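Thanks for making time this morning; I would like to take us through one model, and I will put it on the screen before saying anything about it.

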Amino acid sequence: MRVKTYTAETTVAAMSMVRGELGDEAIMVSTRTGSDGSTCVTAAIDPVLPANEDIEEREPLVFPDETEATIRQALAYHGVPPWLSSRLAKAAAAVEAQSPKSTAATCLGAALDEYFSFPPLEDDWPEGPLLLVGPPGSGKTITAAKLCARERVANRHVGVLTADTKRAGGGEQLAAFTRILDIELGTAPTPDDLGQALSADVLKGKRVIIDTPGCNPYDEKEMDDLLALCEAAGGSVVLTLPAGGDPMEAADMARAYADIGAKCMIVTRMDITRRYGGLLAAADGAGLNFADVSISAQVADGLIPLSPLALARLLMPHTEETNPAPQQNTAEASP
Ligand SMILES: Nc1nc2c(ncn2[C@@H]2O[C@H](COP(=O)(O)OP(=O)(O)OP(=O)(O)O)[C@@H](O)[C@H]2O)c(=O)[nH]1
Ligand SMILES: [Mg+2]
């Protein structure tokens with residue numbers, strides 16, 4: 001995205017500079033009055049959109065209200081794609097219009113709640129076994145161990161299987177945790193094995209978690225094999241996706257997993273990420289619900305549910321709660 005700040009004596013003159021250089025497609029990011037009374041307008045334009053992106057929401061240049069501008073600016077920092085940022089900021093501004101005393105984070109929280117779903121996995125356990133899928137190293141095995149630990153602590157019956165015999169030590173990594181939790185780990189590398197394991201009496205009435213091998217989402221054969229495992233399990237497919245990373249890449253990956261049945265995602269590595277545009281782009285692009293998030297590599301730290309307000313607070317500048325309308329003049333300002 002190309003972001004530029006224009007300074008002129010009047011707002012009209014600054015807007016005219018924006019239009020002259022960036023055109024009518026430019027999106028307002030922020031406005032501020034300089035110490036000398038001049039007007040600084042920060043505007044952004046994204047280059048050529050990929051052919052498959054939804055462009056219906058591109059709007060002509062308008063002055064958003066303060067909350068809308070603040071939220072757009074915060075979302076630009078996180079790399080949220082402009083069309084999504086625009087929708088969220090407008091929805092947040094509409095919330096503010098109804099309750100003007102709300103902070104920008106509260107308004108954004110309400111907008112996120114409108115656009116996304118946040119069912120917490122523990123309370124909203126899906127039908128059938130839960131398969132954890134995702135690109136290599138995305139946190140499937142640690143997440144499986146965390147889910148097992150949570151079920152154990154809650155005194156629920158839990159079963160666990162691994163289909164990951166592809167990578168040396170793949171099963172052993174999970175076995176190290178299940179031994180401590182005193183849960184038997186079954187191995188089911190093929191769809192047939194998985195079908196048989198799941199029909200065994202020992203798993204009846206249990207919440208069953210299945211760890212799968214890391215798959216390249218762009219490799220047709222690997223994804224076909226993973227789809228066969230998902231079909232054999234007949235359960236719910238949950239994507240584990242690390243936060244951070246390029247938002248468009250995250251959206252492409254998420255779509256590939258949605259194509260094999262993923263309906264929700266557990267976002268991992270929230271603790272080592274500062275920019276969250278990728279997780280919004282993934283949920284938006286693939287129509288995924290947010291389940292829990294992982295904020296540590298330690299199994300004992302578990303998973304935590306994500307609420308729209310918590311996500312909004314992560315997205316907004318930390319000064320926002322005490323100073324509801326910070327005005328910064330570049331989209332690169334840190335939150
Ligand atoms: N900091 C941090 N590290 C994490 C988190 N989740 C997973 N990790 C680390 O990420 C690495 C990969 O995690 P795994 O659970 O092995 O990932 P995987 O998806 O099972 O990997 P493959 O089976 O090889 O595809 C490990 O070093 C984990 O400790 C997290 O939330 N925060
Ligand atoms: Mg693994």
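Is strand 9 (residues 262-268) largely enclosed by the rest of the structure, or largely open? Before I answer, please keep in mind that this is a predicted model, in which local features need pLDDT of at least 70 and side-chain atom pairs count only at pLDDT 80 or more, while totals for chains, interfaces and linings use all residues. Residues are numbered from 1 along each chain as its sequence is written, and chains are lettered from A and ligands numbered from 1 in the order in which they are written.

Of the 7 residues of strand 9, 6 are buried, so this strand is largely enclosed by the rest of the structure; buried means that 20 or more other C-beta atoms, placed from the backbone, lie within 10 Å of the residue's own. Helices (H or I, at least four residues) and strands (E, at least two) are DSSP runs, numbered from the N terminus.

Strand 9 pairs with strand 8 (residues 236-242) in the parallel sense over 6 bridges, where pairing requires that DSSP finds at least two bridges, and Leu 239 has Met 265 as its bridge partner. With strand 10 (residues 289-294), strand 9 pairs in the parallel sense over 3 bridges, and there Val 267 stands opposite Val 293.

Turning to the ligand, 20 residues surround ligand 1, and Gly 139, Thr 141, Gly 214, Ser 294 and Ala 297 come nearest, a residue being near if its C-beta atom, placed from the backbone, lies within 6 Å. Helix 5 (residues 140-153) gives the most to this shell, with 3 residues.

How values were computed. Buried ≥ 20, exposed ≤ 12 C-beta atoms within 10 Å, placed from the backbone.
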